[in-house]
Amino acid sequence: MTTATAPQLNPDARRFLDRKVHKLLIDGKAVDAASGKTFLTTNPATGETLGAVSEADKADVDAAVASARAAFEGPWSKVTPSERGKLLNKLADLVDAHAEELAQLETLDNGKIIGEAMKGDLPLCSDLLRYFAGWTTKIAGETTPVSVPYYPGAKFLHYTVREAIGVVGAIIPWNFPLLMAVERLAPALACGNVLVLKPAEQTPLSALRLGELVLEAGIPPGVVNVIPGFGPTAGAALAAHMDVDKITFTGSTETGRAVVKASAGNLKKVSLELGGKSPNIVFDDADLDAAAKGMFMGIFYNQGQTCSAGSRVFVHKSKFDGLVSALAERAKKIRQGPGIDPTTRMGPLVSETQMKRVLGYIEAGKKDGAKLLAGGERAAGLGGWFVQPTVFTDVKDSMSIAQEEIFGPVVAVMPFEDEAEVLARANGTPYGLVAGVWTKDIKRAFRMAQGLKAGVVWLNCYQFVDAAAPWGGVKQSGYGREKGPYAIEGYTQVKSVWVDLN
Ligand code: ADP
């Protein structure tokens, strides 16, 4: 049985997978790459090919950007804010109507488990579209009480306008392929921009299907272009393009640096959502059942392939042994398998490369003297790119498993003695994306929230996101905010208008 004939497959997903080549979406049309080249995308649960995908390179980036620019200056500029809202709401309805199909494509291409795709990724996608649809009619400027001290008695009307930025290039990763695409598309279009979306080469399918739904919703051709391709070619060409006005990038810190450098040519705006090595801190007075669940979800959700993974767990020394052995026991029992099987609780990693990278970190941890309490190997007998859920103790803050982003199901659990010590250690990496704190002491909770150098702090919870809540990091986890009202700032620019009333 091949993936495409699996009995549980939605007929629409099967029809999509039956296509010979998944083409680029440029100017509202499915087109081959200018070079004619294609690449294969695979199912990480089996290693089997899912389909051939047209491979965008510089010429295709040029075509997509030209189409986006023409749409921005032409038809899209005539669409009123209220109509933009209706179009985004229509797209949300289509995403809901195709939720199973999209979730299955996501699961097959990325490896994530179908329950998480259906209950997490997909509802968040339509919610984001509806949230930003609501914003379209509320993006307003202000009038300003100007004084002009060097021109006594003069009268002016001054006001500001929030305008679209123009052509937005979105370079996104493979861990939440559809969600990341929608997270960019929704605010970008709500603010009147147009989009050239480059999905990750490992997971191009759901974004291509989304591009078709965009057209079905009635959004004009060219407003959204989807161009799968590789990072150093298509991604780099988009980041460097002289007619792209903004890049929104999510991915590794190293690639983020390359994107910033490439953006210098036309000084395009850049927002970056990069890596993390996030602390999840359990104090001795915490609700230990809730904290245990939060530790588990924090690291193992999406196979640990989340930028917000709680990959450094700090547990107060008085509760350390109990919590760490409970975590290890639970990790050993996770049922691993293909994400498309509804009984699976943890899928494969996205690719063989990623699996090797994660196994490399596990080896480094062992060599550095950390102690394995669970996992530590490739999961045997499953075929695809599976790594066992892995729990390390006896970890020193300086070890690579405690400093570097692993992006897999590997957690370092470390004891601590007091608040000041754990705060300093929690802040002791170059990253600052998220942090979790578990305590019943309300003052301590808020003290920690103030002291943690992170873009997002969860108090007595972990891994919660919402369309309305800003998302992004500090330090080398990036800058700019996606989601929530702050995203509107990131996708608009302010014009200052003076009117002489003298
Ligand atoms: P990973 O190594 O886990 O794939 P990356 O940060 O390299 O993470 O990838 C995130 C996104 O960035 C992907 O869409 C990828 O194709 C793209 N990318 C990779 N290298 C570059 C680059 N030099 N310029 C622009 N985009 C890139």
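A polar contact is a pair of N or O atoms within 3.5 Å; within protein, one must be able to donate a hydrogen and the other to accept it, and residues adjacent in sequence count only if both atoms are side-chain atoms. The legends below describe a predicted model, in which local features need pLDDT of at least 70 and side-chain atom pairs count only at pLDDT 80 or more, while totals for chains, interfaces and linings use all residues. Residues are numbered from 1 along each chain as its sequence is written, and side-chain values use heavy atoms, with hydrogens and water left out.

**View A. Polar contacts of the ligand.** An oxygen atom of the ligand lies 2.7 Å from a polar backbone atom of Ser252. For Gly231, the distance from a polar backbone atom to a ligand oxygen is 3.3 Å. The side chain of Glu201 places an N or O atom 2.6 Å from an oxygen atom of the ligand. On its own the ligand has 550 Å² of accessible area (Shrake-Rupley method, 1.4 Å probe), and the protein covers 79% of this.

**View B. The shell around the ligand.** The ligand is surrounded by 17 residues (a heavy atom within 4 Å), of which Ile172, Lys198, Glu201, Ser252 and Thr255 come nearest. By class, eight are nonpolar (Ala, Val, Leu, Ile, Met, Phe, Trp, Tyr, Cys and Pro), two charged (Asp, Glu, Lys and Arg) and seven polar (the others, Gly among them).

**View C. The largest pocket.** The ligand sits in the largest pocket (more than half of its atoms lie within 2 Å of the grid points). Helix H8 (231-240), strand S10 (246-250) and helix H9 (253-262) each give two or more residues to the ligand shell (helices are DSSP runs of H or I, at least four residues; strands are runs of E, at least two). H8 supplies the largest share of that shell, three residues. A pocket is an open set of points on a 1 Å grid over the protein atoms alone, with protein on both sides within 12 Å along at least five of seven lines; lining residues have an atom within 4 Å of a point. The space in the largest pocket is about 1300 Å³ (filled by probe spheres set on the points). Its lining comprises 47 residues, with Trp174, Glu201, Gln202, Ser252 and Thr255 nearest the centre. H9 gives the largest share of this lining, seven residues.

**View D. The largest cavity.** A cavity is a set of grid points where a 1.4 Å probe fits but cannot get out. The whole structure holds three cavities of 30 Å³ or more, and the largest has a volume of about 80 Å³. Among its 16 lining residues, Pro279, Ala426, Tyr431, Gly432 and Lys453 are the closest to its centre.

**View E. The second largest cavity.** The second largest cavity has a volume of about 60 Å³. Its lining has 13 residues, and Ala309, Ser311, Glu405, Ile406 and Phe407 lie nearest the centre.
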